[in-house]
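Student: Could you help me learn how to read a protein structure? I would like to go feature by feature.

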Amino acid sequence: MNSKQGRNTVKKSAIRIVVSGVVQGVGFRPFIYRIAHQFQYTGWVKNIGFGVEIHLESDKKTDFKDFLKALQETQPPLSQIEEIILERAPFLNLKEFTIQKTKGGESFVFISPDISICESCLQEMMDPSDRRHHYPFINCTDCGPRYTIVKSLPYDRSETTMRSFTMCEDCRKEYTHPLDRRYHAQPVACPVCGPRIQLTHSRTGKPLKGGIRKAASLIKEGKILAVKGLGGFHLICHALNLKAVLRLRKIKERETKPLALMARNLEIIEKYALPTPAEKELLLSARRPIVLLKKKKEIAGIAPHLDELGLMLPYTPLHYLLLEHLDLIVATSSNKKDAPIMKDEEEGIRRLCDYILSHNRPIYMRSDDSVIKVVDEQPLFVRRARGYVPYPQKVHPEIVVPQHILALGGELKDTISVYKNGYVVTSQFLGDLDEYQNFKYFEETIQHLTQLFKAHPELIVTDLHPDFHTTRYAQKSGLPILQVQHHFAHILAPLLEQRIAPHKKVLGVSFDGYGFGEDGLAWGGEFLIADYSSFERFAHFKYVPLPGGDVAAKQPWRMAVSYLLDAYRSKYPAVKSLKKVEKKKIQGVMSMIEHDVNSPFTSSCGRLFDAVSFLTGLSPLEVEYEAEAPMILESAATEDTTQSYDFSTHGHSSPVQISFAPTIRSIIKDLDQNIRVSSISSKFHNTIARVIASVAEKARKEQNINTVVFVGGVFLNKKLLHRATALLGKKGFTTLRPMNYSPNDESLSIGQIAYALNKIKNKKSTKGGNFLRA
Ligand code: ZN
Ligand code: ZN
Ligand code: FE
């Protein structure tokens with residue numbers, strides 16, 4: 001925090017305070033008004049381009065310490081102060097404190113994410129004498145929808161989807177009174193003037209009486225309902241009604257992918273899961289993510305073969321009212337496989353449910369629920385969306401540039417990032433861009449974020465992959481393009497997030513399923529020594545054939561065969577799990593590999609996990625969702641052991657290659673001796689942690705590197721991340737991992753921004769410079 005405190009010699013004091021961060025549309029000005037009154041200062045507060053400006057004065061000599069303390073310690077829950085600047089100001093002899101009107105003009109204003117209903121609103125809603133008793137759209141300056149209803153900034157009702165609702169007299173009074181807790185709460189509404197719910201039959205479209213109570217009773221009967229939330233529709237059914245759950249799975253075309261649950265309260269959650277204190281805190285936080293918790297009791301059909309359940313608490317008033325009548329429901333995004341969450345009835349929601357509980361407050365920007373797990377008492381994002389977007393991420397001061405930049409990410413689990421004036425704003429999770437609907441969503445989001453933050457990108461950054469939709473979009477944009485290698489971008493994301501100095505060299509452990517390598521091969525088990533400007537491929541997993549290309553990622557047995565051939569050559573021993581596969585198919589794959597047909601080389605870490613998951617008999621023949629086989633393998637790693645398997649290292653100059661042939665042979669031996677799978681899986685996880693430690697020690701010895709960064713989708717594996725962090729910590733390394741973003745491909749766009757900023761800074765390039773490929 002910068003502080004240039006002014007000093008007055010006369011017995012009068014005046015000060016100018018500029019507060020930047022998320023301080024608009026969160027009740028910040030009325031908060032300033034209140035504390036100014038409390039300490040009896042006069043002056044004014046107004047919104048400016050980057051935050052709020054305050055003029056404060058007193059006819060006594062003071063340093064305003066009381067006010068500044070209150071400013072920092074009792075700020076509104078939705079606000080997020082980035083910086084406070086203090087300056088001496090002229091004494092104007094003002095008689096009162098006022099809130100000044102916002103003027104338009106150039107600005108870079110941040111908007112709060114959508115936030116769960118607050119305690120005060122909840123109490124009002126449950127109070128039978130309150131005029132908003134049981135009103136599902138109650139909100140205030142501390143809570144309610146934001147990002148999903150805003151069309152443009154500055155944040156004003158006319159720029160939100162509340163525009164069409166004219167405030168009644170009572171609401172207007174609250175809205176215009178500076179001491180009211182709904183002062184300038186843009187979505188303010190009541191049963192007289194605000195949005196209304198409607199329950200309809202999905203096939204006939206006929207409205208039903210009974211509202212939320214009726215909706216709850218339909219759920220109890222086993223019906224499937226589409227319920228409109230903040231960022232889109234949920235599909236909801238009773239969580240303990242297996243028949244309903246299986247029908248919902250059929251509708252969603254998802255046989256095994258885990259379904260998220262919403263529970264009435266923490267007590268219910270604790271019946272089925274074992275949340276730690278850190279996990280409870282996250283569940284109860286105003287951002288209300290889905291938290292992945294250790295199972296206590298199995299609920300049939302919800303998360304088969306896994307040891308975790310995804311649970312969340314209600315976050316809209318509507319959810320609270322619905323869950324007054326229900327303990328536990330499935331609340332999953334309303335989409336067919338791989339499509340974006342639906343936000344309007346017109347998008348075909350009727351075909352996915354029996355009844356629709358909707359309302360007439362439109363959703364402007366769709367957004368899924370966020371998903372988080374806790375590793376070593378710290379949050380780890382699996383999916384970052386509702387409640388966290390759009391968080392402004394400050395960059396290291398050495399790479400602040402005047403240009404605006406747009407980064408497009410990768411292809412699967414995409415996000416986009418926009419850079420302007422020292423901050424990066426990253427979009428919500430957008431999904432797999434190979435799906436047409438998701439690509440539309442991607443385009444919508446680029447349009448929205450650049451407009452919202454008044455960004456005019458002069459440069460566009462993408463992945464190195466020539467065929468990604470993002471790369472093609474960039475080529476069509478007409479802007480200069482910069483391309484960044486996938487695993488390098490992964491590593492740069494937490495460096496930007498944690499504002500690591502641009503020239504600091506780290507060892508990036510970038511483990512995922514697939515990313516386009518500089519040699520054109522499929523990378524994924526990478527050790528890169530990197531800073532913001534470049535990387536050296538220090539080590540990688542030994543290349544093995546990926547028989548069938550993309551199909552191999554769906555059918556883990558293919559990788560099992562590939563790794564067996566790598567370990568034993570053509571004659572490998574009989575493996576029980578492979579008996580599930582038709583002999584002809586195995587022979588086909590072997591001959592593909594032998595004759596080098598459609599078997600590109602890969603160093604993928606995800607595919608190694610696939611192979612081991614299949615060899616141990618855990619993985620199904622064909623997986624339904626990404627990382628299914630590795631997730632089942634992780635769930636099985638329950639044995640508390642320090643044992644691990646051998647691996648071997650080949651080559652002396654970088655990149656060194658890590659071979660898992662000895663690992664595979666030891667696993668086969670263990671399987672032969674009927675060693676428990678829980679033990680094999682634990683030993684395998686330890687092996688990967690050891691591999692990381694051995695490469696890190698080599699990097700320290702040869703290049704004096706002491707910081708190790710864990711990135712890539714593989715590091716969503718809690719057990720691996722925990723073990724690797726502990727092992728490297730013991731050896732004296734500093735470890736780093738993303739804290740506010742997912743380690744998976746959602747973070748590519750952030751890393752791409754980091755690379756571009758550094759490149760521009762070092763080139764001292766001006767507009768339209770000739771940017772080279774990374
Ligand atoms: Zn509230
Ligand atoms: Zn009203
Ligand atoms: Fe990746």
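**Reading sheets, metal sites and helix packing**

Tutor: Happy to! Let's begin with one pair of residues: in strand E20, the bridge partner of Ser417 is Thr426. Keep in mind that this is a predicted model.

Student: What does it take for strands to pair?

Tutor: The general idea is that strands of a sheet pair through backbone hydrogen bonds, either parallel or antiparallel. Here, strand E19 (residues 417-420) runs antiparallel to strand E20 (residues 423-426), and 4 bridges join them.

Student: In what order do the strands of that sheet lie?

Tutor: The order is E17-E20-E19-E18-E21-E22, which gives an open sheet of 6 strands with mixed pairing. Its edges are strand E17 (392-394) and strand E22 (481-484), each of which pairs on one side only. Ignoring direction, neighbouring strands are turned by 25° against each other on average.

Student: Let me try another sheet. Which strands are at the edges of the one with the order E4-E1-E3-E2-E5?

Tutor: Those are strand E4 (80-88) and strand E5 (97-99), which each have a partner on one side only. This open sheet has 5 strands, and the pairing is again described as mixed. From one strand to the next, the twist averages 15°.

Student: In which sense do E2 and E5 pair, parallel or antiparallel?

Tutor: Parallel: strand E2 (residues 42-48) pairs with E5 over 3 bridges. To find a spot to look at, go to Trp44, which stands opposite Thr98 in E5.

Student: What packs on this sheet?

Tutor: Helix H1 (residues 28-38) does, and it touches strand E1 (13-22), E2, strand E3 (51-58), E4 and E5. The direction of H1 makes about 175° with that of E5.

Student: Now the metals. Which residues hold the zinc ion (ligand 1)?

Tutor: For a metal site, look at the donor atoms first, then at the angles among them. The zinc ion (ligand 1) is coordinated by the SG atoms of Cys118, Cys121, Cys140 and Cys143, at 2.3 Å. The angles among its 4 donor atoms are 105 to 115°, and the site is tetrahedral. Along the chain, the donors follow the spacing C-x2-C-x18-C-x2-C.

Student: Where in the chain do Cys118 and Cys140 sit?

Tutor: Cys118 is in the loop between E5 and helix H3 (119-126), while Cys140 is in the loop between H3 and helix H4 (169-176). They are 22 residues apart, and the pair links distant parts of the chain. Both Cys118 and Cys140 are buried.

Student: Why is the arrangement around the iron ion (ligand 3) called irregular?

Tutor: Its 4 donor atoms subtend angles of 86 to 169°, and that spread makes the arrangement irregular. The protein donors are His486 (NE2), His490 (NE2), Asp512 (OD) and Asp745 (OD), 2.1 to 2.2 Å from the iron ion. Their spacing in sequence is H-x3-H-x21-D-x232-D. Asp512 lies in strand E23 (residues 506-516) and Asp745 in the loop between strand E31 (734-736) and helix H21 (748-763), 233 residues apart. Both Asp512 and Asp745 are buried.

Student: And how do I describe two helices that pack together?

Tutor: Two packed helices are described by the angle between their axes and the distance between the axes. In this model, the axes of helix H12 (residues 486-497) and H21 come within 7 Å and cross at roughly 85°. That angle makes H12 roughly perpendicular to H21. The residues in contact include His486 and His490 of H12, and Leu748 and Tyr755 of H21.

Methods: Residues are numbered from 1 along each chain as its sequence is written. Chains are lettered from A and ligands numbered from 1 in the order in which they are written. This is a predicted model: local features need pLDDT of at least 70, side-chain atom pairs count only at pLDDT 80 or more; totals for chains, interfaces and linings use all residues. Side-chain values use heavy atoms; hydrogens and water are left out. Two strands pair if DSSP finds at least two bridges between them. Helices (H or I, at least four residues) and strands (E, at least two) are DSSP runs, numbered from the N terminus. Axes are lines fitted to C-alpha atoms, for helices over the stretch in contact, and angles run from 0 to 180 degrees between N-to-C directions. Contact means heavy atoms within 4.5 Å. Donors are N, O and S atoms within 2.8 Å of the metal (3.2 Å for Na, K and Ca); water is not among the atoms, so sites may look incomplete. Four donors count as tetrahedral if all angles lie between 85 and 135 degrees; four count as square planar and six as octahedral if opposite donors are over 155 degrees apart and all others between 65 and 115; anything else is irregular. Buried means under 20% relative accessible area, exposed over 50%, partly exposed in between (1.4 Å probe, protein chains only). Angles under 35 degrees count as roughly parallel, over 145 as roughly antiparallel, 65 to 115 as roughly perpendicular and the rest as oblique.
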